[in-house]
Amino acid sequence: MFFRGSRYEPVPTLTHVTADGRTIRHKALRILPEPRGSLVHVVRQDDRLDRVAQDWFGNAELWWRVADANTALDPDDLIGETGRTISVPAPGE
């Protein structure tokens with residue numbers, strides 16, 4: 001269901017049986033890892049998390065690592081204010 005390298009790939013799949021006997025498969029809660037080291041990115045005008053990820057990791061699809069490092073509920077909030085500093089996890093972490 002999730003592509004190789006997805007943040008959800010290592011999360012266990014659980015099964016829930018409802019009162020009427022239906023079986024529902026779902027992912028367990030994904031616990032955010034504690035960052036071991038982080039870097040600082042200063043938000044530029046028109047920044048997007050995929051561009052930040054491309055700049056820091058060389059892979060735009062890793063934007064979620066930046067969101068996780070900042071415990072962002074809405075990732076767009078991270079880049080909404082020019083000049084704000086956000087954490088970027090160290091590459092390879």
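Colleague: How many positive and negative side chains does the protein have, and how far apart do the centres of the two sets lie?

Modeller: In such a count Lys and Arg are taken as positive and Asp and Glu as negative, while His and the chain ends are not counted; each charge is placed at NZ of Lys, CZ of Arg, CG of Asp or CD of Glu. Here there are 12 positive and 14 negative side chains, and the centres of the two sets lie 7 Å apart. Please keep in mind that this is a predicted model, in which local features need pLDDT of at least 70 and side-chain atom pairs count only at pLDDT 80 or more, whereas totals for chains, interfaces and linings use all residues. Residues are numbered from 1 along each chain as its sequence is written, and side-chain values use heavy atoms, with hydrogens and water left out.

Colleague: Which pattern does the protein follow along the sequence, and why is it described as more spread out than a compact globule?

Modeller: Helices (H or I, at least four residues) and strands (E, at least two) are DSSP runs, numbered from the N terminus. The protein has two helices and four strands, in the pattern β-β-β-α-α-β. The radius of gyration, taken over C-alpha atoms and set against a globule rule of 2.2 Å times the number of residues to the power 0.38, is 16 Å, well over the 12 Å that the rule gives for 93 residues, so the protein is more spread out than a compact globule. Along the principal axes, the C-alpha atoms fill a box of roughly 55 × 25 × 20 Å.

Colleague: What share of the residues counts as buried?

Modeller: Buried means under 20% relative accessible area, exposed over 50%, and partly exposed in between, with a 1.4 Å probe and protein chains only. By that reading, 25% of the 93 residues count as buried.

Colleague: Is His41 buried or exposed, and which residues does His41 touch?

Modeller: His41, which lies in strand β3 (residues 38-42), is buried, with a relative accessible area of 4%. Contact means heavy atoms within 4.5 Å, and, not counting residues up to four places away in sequence, His41 touches Asp47, Val52, Trp56, Arg84, Thr85, Ile86 and Val88. A polar contact is a pair of N or O atoms within 3.5 Å; within protein, one must be able to donate a hydrogen and the other to accept it, and residues adjacent in sequence count only if both atoms are side-chain atoms. One such contact, of 3.1 Å, joins the side chains of His41 and Trp56.

Colleague: Where is Arg84 found, and which residues is Arg84 in contact with?

Modeller: Arg84 is found in the loop between α2 (63-69) and β4 (85-89), and at 32% relative accessibility Arg84 counts as partly exposed. Leaving aside neighbours within four places in sequence, Arg84 is in contact with His41, Val42, Val43, Asp77 and Leu78. Arg84 and Arg44 are 40 residues apart in sequence, yet 8.3 Å apart in space, C-alpha to C-alpha.

Colleague: How should I read Trp63 and Arg65 in helix α2?

Modeller: Trp63 counts as partly exposed at 29% relative accessibility, whereas Arg65 is buried, with a relative accessible area of 13%. Beyond four places in sequence, Trp63 touches Arg7, Leu49, Asp50, Ala53 and Pro75. As for Arg65, a polar atom of the side chain lies 3.4 Å from the backbone oxygen of Ala90.
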